[in-house]
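User: I'd like to go through how some labels on this model are justified. Could you walk me through them?

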Amino acid sequence: MPKKPSKSPAGKGPRTPAKKPARLAANRPKGAVNAAATAAPDLAQERIVLALETIAAHLAAQGKPIAEPASFDRADAYVWHPDGRLSAVPRVSRVELFLLKGVDRMRDILMENTERFAGGLPANNALLWGARGMGKSSLVKAAHASINADRKPADRLKLIEIHREDIETLPMLMEKLRDASFRFIVFIDDLSFDGNDASYKSLKAVLEGGIEGRPENVILYATSNRRHLLARDMIENERSTAINPGEAVEEKVSLSDRFGLWLGFHRCSQDEYLAMVRGYCSHFGIKIDDEALEREALEWSTTRGSRSGRVAWQFVQELAGRLGVKLAAT
């Protein structure tokens, strides 16, 4: 029986499968082919360049020389920099201890604690908190100067200020001070934490809790307008959003508990404010009728909306300038 002829189109051989890759390549625009061919090498080159720049930046940071003081004999006060430098402060901006009015109880407690520390006895870290302008920072600097007044150079306390934004480098500073022969007050002014700032953990580890802890020759004094170092709305936000509100709040509030001394500063009375003004005028030799002094000082505090040691000092500066008196102790 004869075989049936194949049903392939006339004049054409058997049907063969189409070459799809070749057809797709033929239909693809030439520009797209060139872009695809060059995109991968360009991307790889960019990644290589970025990686080399990152490595170079790290090497530069590691190779940067860290300036260290030859000794702590150059000054009694220093400022810490996050790159590892300690800058000497030849003259500290401060007021005399006896000029701080209205803070007698806090002054006595801080002085006693500082004297014990200077003598090699156990002492507590201190948090000075409360109303602004009431002499918290001034008291720390005045206490440091008062302790050193009658001490030999080899026995003097060293005051080191670390800025709030550099707290994460606090462990590095502790390492530098640990083996020094002097004793140090590390001072943090206007300490507070906002938002998701986690640098407070470095401070917690130094105060208590880390395996090394605070060196025996170092004590920390901090000032803040907040008792718990956190804004109230932050604490409320933690309570409302955390899975376990109690634990979330406790972790941050516990930072304040690691200061053994809490010294609260409150707004001064009118009599205390006037005593501050009179004390400054007497110390700097500003001669003015007492009735006029009182009237002008109260008017000045009214325009500022508060009474505090800072407002009293600002008024005395205005008065001295107007009367042509230089603010040099008589």
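User: What makes the approach of the Lys158 side chain to the backbone oxygen of Ala75 a polar contact?

Analyst: Happy to explain! In this predicted model, the Lys158 side chain reaches that Ala75 oxygen at 3.0 Å. The cut-off for a donor and acceptor pair of N or O atoms is 3.5 Å, so the pair qualifies. The side chain of Lys158 also makes a polar contact with the side chain of Asp76, again at 3.0 Å.

User: Why is Lys158 called buried?

Analyst: Its relative accessibility is 2%, and buried means under 20%, so the label follows. Lys158 sits in strand 4, residues 157–161. Leaving out residues up to four places away in sequence, Lys158 touches several others, among them Phe72, His144, Phe182 and Ile185.

User: And why is Leu52 called exposed?

Analyst: Leu52 has a relative accessible area of 54%, and exposed means over 50%, so Leu52 qualifies. This residue lies in helix 2, residues 30–63. Together with Ile48 and Ile55, Leu52 forms a nonpolar surface patch with about 310 Å² of accessible area.

User: Which residues touch the most other members of the largest nonpolar core?

Analyst: That core has 48 residues, and those touching the most other members include Leu110, Leu128, Phe265 and Tyr273. Helix 9, residues 270–284, gives the most to this core, with 7 residues. A second, separate core has 27 residues, including Tyr78 and Phe259.

User: What does Leu110 contact beyond its neighbours within four places in sequence?

Analyst: Its contacts include Ala126, Leu128, Leu139 and Tyr221.

Key:
Residues numbered from 1 in each chain as written. Predicted model: local features only at pLDDT ≥ 70, side-chain atom pairs only at ≥ 80, totals over all residues. Heavy atoms only, no water. Helix = DSSP H or I, 4+ residues; strand = E, 2+ residues; numbered from the N terminus. Buried < 20%, exposed > 50% of the residue type's maximum accessible area, 1.4 Å probe, protein only. Contact = heavy atoms within 4.5 Å. Patch = residues over 30% accessible without salt bridge, like charges linked within 9 Å, V, L, I, M, F, W, Y side chains within 5 Å. Areas by Shrake-Rupley, 256 points an atom, 1.4 Å probe, with all protein chains shown as cover. Salt bridge = Lys/Arg side-chain N within 4 Å of Asp/Glu carboxyl O. Core = buried A, V, L, I, M, F, W, Y, C linked by side-chain atoms within 4.5 Å.
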